[in-house]
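Q: I'm new to this one and would rather get to know a single part well than skim everything. Could you pick a spot, look at it closely, and then work outwards from there?

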Amino acid sequence: MTKICAWCNKKMPFTGEDKSAKITHGICADCAERVFKSSHPHTIREFIDKIDAPIIVIQNDTTIAAANKKANNMLKAEPGNKTGNALECSCADLPGGCGKTIHCKACTIRSTILKTRKTGKSYSNIKSYQNIHTPEGTKQKTITIATEKVWDTILVRVDELNEETVDKPTEVKNAPWSTEDS
Ligand SMILES: [Zn+2]
């Protein structure tokens with residue numbers, strides 16, 4: 001059994017399920033390395049557009065370097081945005097911004113990205129609960145992500161951004177970012 005690389009169309013030797021490649025498993029290792037080693041934003045964007053899922057590319061801390069079309073339809077994933085800005089996380093509005101507030105130490109998305117960079121391990125089915133700005137106010141949403149490190153780059157696949165509101169009124173109301181007068 002052989003697979004075809006979605007990037008170069010070469011046959012990929014089938015060596016069993018590559019459990020380390022959570023996101024780029026449809027693309028051969030040579031192509032993945034070449035694209036991300038070059039760090040050329042246009043090449044990277046072209047590459048992630050071939051992946052049939054929303055993908056954001058992180059090259060520094062949690063700053064977005066590139067995003068594919070599916071991710072752009074879902075998030076504010078402009079290059080230079082932090083993941084918190086992309087998700088419209090309410091913590092990203094606090095002094096210091098995404099990554100610098102006291103809440104950020106407990107952020108599953110941030111810690112998973114940093115862990116992936118440090119260890120090189122891939123993660124999948126990571127659920128995070130974030131307070132997200134919506135037109136109807138701040139709501140808690142569930143976000144499910146997978147991560148993979150390629151060269152110096154972290155790919156984040158957004159598998160689920162649950163639009164359904166989880167009722168969590170007291171915590172949101174008493175949160176330090178609440179703008180309500182007391
Ligand atoms: Zn290839």
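A: **Starting from one helix**

Let's begin with helix 2, residues 41–49, which lies across strand 3 and strand 4 and runs at about 65 degrees to strand 4. Keep in mind that this is a predicted model.

Helix 2 also has a helical partner, helix 1. The two pack at an angle of about 145 degrees, and their axes are 8 Å apart. Helix 1 passes helix 2 in a left-handed crossing. On the helix 1 side, the contact is made by V35, F36 and S38, while helix 2 brings in T43, I44 and F47. Sort those residues by class and you get 4 nonpolar ones, 2 polar ones and no charged ones in the contact of helix 1 with helix 2.

Now stay with helix 1, which covers residues 29–38. Which of its residues are buried? They are A32, V35 and F36. The three span an arc of only 85 degrees around the axis, so they sit on the same side of helix 1. Two names should sound familiar, since V35 and F36 also belong to the contact with helix 2. But what else do the buried residues of helix 1 pack against? Besides helix 2, they pack against strand 6 (137–150) and strand 7. Right after helix 1 comes S39, and its phi is positive, near 55 degrees.

That takes us to the sheet. It is an open one, built from 5 strands in the order 4-3-7-6-5, with antiparallel pairing. Strand 4 (63–67) and strand 5 (123–134) are at the edges with a single partner strand each, so one side of each has no neighbour in the sheet. On average, neighbouring strands here are turned by 40 degrees against each other, ignoring direction. As a bit of background, the strands of a sheet pair through backbone hydrogen bonds, either parallel or antiparallel.

Let's look at two of those pairings up close. Strand 3 (residues 55–60) and strand 7 (residues 153–161) run antiparallel, paired over 4 bridges. In strand 7, L155 is the residue that V57 stands opposite. Strand 6 and strand 7 are antiparallel too, joined by 8 bridges. There, T147 stands opposite V156 in strand 7. These two strands make a hairpin with 2 residues between them. In the turn you'll find W151, which has a positive phi of about 55 degrees.

One more stop, on the way into helix 1: P13 lies in the loop between strand 2 (11–12) and helix 1. Is P13 buried or exposed? It's exposed, because 9 other C-beta atoms lie within 10 Å of it, and 12 or fewer counts as exposed. P13 and K3 are 10 residues apart along the chain, and their C-alpha atoms are separated by 7.0 Å.

Finally, step back to the whole protein chain. It has 6 helices and 7 strands, and from the N terminus on they run β-β-α-α-β-β-α-α-α-β-β-β-α. Of its 182 residues, 34% count as buried. Among contacts with a separation of 6 or more, 41% come from residues 24 or more positions apart.

Terms used: Residues numbered from 1 in each chain as written. Predicted model: local features only at pLDDT ≥ 70, side-chain atom pairs only at ≥ 80, totals over all residues. Buried ≥ 20, exposed ≤ 12 C-beta atoms within 10 Å, placed from the backbone. Contact = placed C-beta atoms within 7 Å. Pairing = 2+ DSSP bridges. Axes fitted to C-alpha atoms, helices over the stretch in contact; angles between N-to-C directions. Arc of directions from axis to C-beta. Left-handed = near helix turned anticlockwise from the far one by under 90°. Nonpolar A, V, L, I, M, F, W, Y, C, P; charged D, E, K, R; others polar.
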